[in-house]
Amino acid sequence: MRTVYLPTLIMACCSGLIIPILPVYALSFEVSYGLVGWVLAAQGLGTLVFDVPAGVLVRRLGHKQIMLLGISLNVGGVLALFWAQDLPEVLAWRFLSGVGSALWTISRHAYIADLIQTGQRGRSIAILGGLGRVGTFVGPALGGVVGATFGLRMPFLVFAGLGLLCIIVVLIWVKDEEKDRGDRQTGSRLGAVLRAHYRPLLTAGSGQLCAQLIRTARHAIIPLYAAEVLGLALHEVGLIISLSSAIDMLMFYPAGVIMDRWGRKYAYVPSFIIQSLGMALVPLAGDFSLLLWVSLLIGLGNGLGSGTMMTLGADLAPVESRGEFLGMWRFVGDFGNAGGPLVVGHIADLAGFATAPLIVAGIGLLGATILGGLVPETLDRGSGR
């Protein structure tokens, strides 16, 4: 597991670097909130399109090769933003980063699911989620300072440098494994997996879609609300996001213990209820301090859900076609990742910025209801897997 923890931490720091930068960077092209939403969503759309192919490629080429390809595409797409001159170019590079993100996250997810038994999976994946939260604690503050000091585009170069380090770590530490080259009927295999497992993909996947939407929307709502409504400086925006991520980060191990001791639902249902409450309070935040407290509440809720959707997907995935199932699982969830910024941007254009957090909060509560009421508990205390 240590072989995948360090690259996860590095890539999380990379992603955190540009959280406070991207919305302001997109606005620098003098576009509407709706188009800012498209810039933020473009990576999610690239991920969405490539989730299922990524699952197939993991089985064909192996975890390590797909990890390396994914990191390289992600880093290349972000680095290109340093030289981007217009919005279509920005959208194209963000989409490419999303393709790389799909390859990286699914190869990493399948790698863990293959190695870890069910009774230990919650903690192991929660640690992975916790490392991601360390990155979103360190990254935004650093990105805000770098952006404020050296310009909005400089964090993209820092991202590329850290990404290169991540590639070196994967090359050295992650071992090649035997590939499955026997089954070439990819379409038939995908269809068989879908027919056999459409119920969990429909029910649990719908809950995951709502849950991921509220998680992603906060990365659009908090920076835009802070900068556009409250008029906060870039370094203040980064500080709010980093402090929220600090609370988020502290919850990852408790979340893993809860999942493995009492059950997955005891972590993810409260997680999305708390996030929804925090999101509903955003329009009431009238200054830096109040927005910080609301962001801390959202961070607490998100931290309680650390690794929950990955753990649920790994629990539901059939051993014989894990890559394909996880590709479909990520595909459903990434509708939420891609949809979050779009929902925020278009609602802000149509009904004002104060309305968007309220609608996102309602979507989060819907996700908690689906996951709590329609999805069975997946912790099997009597199984060795």
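A residue is called buried when its relative accessible area is under 20%, and exposed when that area is over 50%. Keep these two cut-offs in mind during the tour, and remember that what you have open is a predicted model.

**First stop: a pair between two helices**

Select Asp 248, whose relative accessible area is 0%, so this residue counts as buried. Now add Arg 218, which forms a salt bridge with Asp 248, and look for the closest N and O atoms, which are 3.6 Å apart. Colour helix 9 (residues 198–229) and helix 10 (residues 234–250), because Arg 218 lies in helix 9 and Asp 248 in helix 10, so that the pair ties together parts that are 30 residues apart in sequence. Arg 218 has a relative accessibility of 11%, and therefore counts as buried.

**Second stop: along helix 9**

Stay with helix 9 and show its backbone alone, so that you can follow its 32 residues from the first C-alpha to the last, a reach of 43 Å that is close to the 46 Å expected at 1.5 Å a residue. Where along the way does helix 9 bend? Select Gly 205, for at this residue the helix bends by about 35 degrees. Then move on to Gly 231, just after helix 9, which takes a positive phi of about 70 degrees.

**Third stop: three linked charges**

How many salt bridges does the structure hold? There are three, and having visited the one between Arg 218 and Asp 248, you can turn to Asp 260 and Arg 264, whose side chains meet in a salt bridge of 2.9 Å, N to O. Asp 260 and Arg 264 are both buried. Next select Asp 315, with which Arg 264 forms a salt bridge, the closest N and O atoms being 2.7 Å apart. This pair links distant parts of the chain, since Arg 264 sits in the loop between helix 11 (252–261) and helix 12 (265–281), while Asp 315 sits in helix 14, 51 residues apart. Show the three residues together, and you will see that salt bridges with shared partners join Asp 260, Arg 264 and Asp 315 into one network. As for accessibility, Arg 264 has a value of 0% and is buried, and Asp 315, at 18%, counts as buried too.

**Fourth stop: a serine in a loop**

Select Ser 306, which you will find in the loop between helix 13 (288–304) and helix 14 (308–316). Is Ser 306 buried or exposed? Its relative accessibility is 0%, so Ser 306 counts as buried. Leaving aside neighbours within four places in sequence, Ser 306 is in contact with several residues, among them Ala 126, Gly 129, Arg 133, Arg 215 and Phe 252.

**Fifth stop: a glycine in helix 16**

Move to Gly 367 in helix 16 (residues 355–373), a residue that counts as buried because its relative accessibility is 0%. Apart from neighbours within four places in sequence, Gly 367 is in contact with Gly 207 and Cys 210. Add Val 269 as well, and draw a line from C-alpha to C-alpha: Gly 367 and Val 269 are 8.4 Å apart in space, although 98 residues apart in sequence.

**Last stop: the surface**

Finally, switch on the surface and select Leu 6, Leu 164, Ile 168, Leu 171, Ile 172 and Trp 173, which make a nonpolar surface patch of about 580 Å². Helix 7 (residues 154–173) gives the largest share of this patch, namely five residues. One of the residues in helix 7 is Ile 172, which is exposed because its relative accessible area is 63%.

How values were computed:
Residues are numbered from 1 along each chain as its sequence is written. This is a predicted model: local features need pLDDT of at least 70, side-chain atom pairs count only at pLDDT 80 or more; totals for chains, interfaces and linings use all residues. Side-chain values use heavy atoms; hydrogens and water are left out. Patches are made of residues with over 30% relative accessible area and no salt bridge: like charges are joined within 9 Å, nonpolar side chains (Val, Leu, Ile, Met, Phe, Trp, Tyr) within 5 Å. Accessible areas come from the Shrake-Rupley method with a 1.4 Å probe; for residues, only the protein chains shown count as cover. A salt bridge is a side-chain nitrogen of Lys or Arg within 4 Å of a carboxyl oxygen of Asp or Glu. Helices (H or I, at least four residues) and strands (E, at least two) are DSSP runs, numbered from the N terminus. Buried means under 20% relative accessible area, exposed over 50%, partly exposed in between (1.4 Å probe, protein chains only). Contact means heavy atoms within 4.5 Å. The bend at a residue is the angle between axes fitted to the seven residues ending there and the seven starting there.
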